[in-house]
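Reader: I am in my first year of study and would like to look closely at a single part of this structure. Could you guide me through it, and then show how other parts are arranged?

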Amino acid sequence: MSQQLVITAIGTDRTGIVSKLARLVTDYNANIIDSRMAVFGNEFTFIMLIQGDQAAISKIEYLIPALGLELDLTTMTKRTSARPRTQVAAHYVLDYSGPDRVGTMGAITGLLASQNIYIGSLQSATSVNDDNSVYMHCQMTLEIPDGVQPALIEHDVMALLAELNLSGTFTVR
């Protein structure tokens with residue numbers, strides 16, 4: 001029976017980390033279902049969801065801490081199961097940008113949570129403009145559940161963006 005394991009790793013960025021983590025997974029005939037990697041400051045961060053038979057998952061789960069020590073990474077594993085499919089009316093992308101202020105993402109994600117909108121992915125970054133002001137950009141993929149009207153969500157989101165002095169789009173994916 002197939003099992004799933006989430007593996008996270010963080011440590012000083014350098015070449016070859018992803019290769020060694022991926023090699024461990026493939027050496028035990030497991031499959032990488034999903035993965036994300038980013039560098040924050042000088043820190044490498046990686047998360048992946050793997051799937052394999054019980055023996056493979058157990059062996060990888062056992063070996064990850066030693067590989068983490070070898071690569072000077074902090075690692076963590078957690079067993080999980082496949083995400084149950086939900087009835088989704090539509091997938092949307094919310095993309096917004098503007099002046100970076102404390103609480104912006106919290107306000108937007110709070111609105112989405114109050115409407116039971118699932119955030120499938122989120123990516124944000126800040127940059128400094130020529131006038132030394134801090135500018136932020138964020139993109140989220142959203143799942144609008146059956147029974148919720150996307151036009152109403154779009155209206156509420158766009159109103160909040162305007163209130164926060166942000167520009168953005170809410171488009172079907």
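Author: What follows begins with one helix and then turns to aromatic pairs and a serine. Please keep in mind that the model is predicted.

Helix α1 spans residues 17-27, and its buried residues are Ile17, Leu21, Leu24 and Val25. These four cover an arc of only 95° around the axis, which puts them on the same side of α1. A general rule helps in reading such a pattern: an α-helix has 3.6 residues a turn, so residues three or four places apart point the same way. The face of α1 turned away from this buried side carries Ser19 and Arg23, which are exposed.

What do the buried residues of α1 pack against? Their partners are the strands β1 (2-12), β2 (31-40), β3 (43-53) and β4 (73-80), together with helix α2 (54-70). Just after α1, asparagine 29 adopts a positive phi of about 60°.

The aromatic rings come next. A search of the whole structure finds two aromatic pairs. Phenylalanine 44 and phenylalanine 46 form a stacked pair, because their ring centres are 6.0 Å apart and their planes lie at 25°; planes under 30 degrees apart count as stacked. Phenylalanine 44 counts as buried at 1% relative accessibility, and phenylalanine 46 is buried as well, with a relative accessible area of 7%.

Tyrosine 92 and phenylalanine 170 also form a stacked aromatic pair, with 4.7 Å from centre to centre and 20° between the planes. This pair links distant parts of the chain: tyrosine 92 belongs to strand β5 and phenylalanine 170 to strand β8 (residues 167-172), and the two are 78 residues apart. Tyrosine 92 has a relative accessible area of 11% and is therefore buried, since the cut-off for buried is under 20%. Phenylalanine 170, at 6% relative accessibility, counts as buried too.

Strand β5 leads to the final residue of this account. Serine 97 is found in β5, which covers residues 88-99. Is serine 97 buried or exposed? Its relative accessibility is 11%, so serine 97 counts as buried. The side chain of serine 97 makes a polar contact, at 2.9 Å, with the side chain of tyrosine 135. Leaving aside residues up to four places away in sequence, serine 97 touches Tyr135, Met136, His137, Leu166 and Ser167.

How values were computed
Residues numbered from 1 in each chain as written. Predicted model: local features only at pLDDT ≥ 70, side-chain atom pairs only at ≥ 80, totals over all residues. Heavy atoms only, no water. Buried < 20%, exposed > 50% of the residue type's maximum accessible area, 1.4 Å probe, protein only. Polar contact = N/O pair within 3.5 Å; in protein donor to acceptor, adjacent residues only side chain to side chain. Contact = heavy atoms within 4.5 Å. Phe/Tyr/Trp six-rings, centres within 6.5 Å; stacked < 30°, edge-to-face > 60°. Arc of directions from axis to C-beta.
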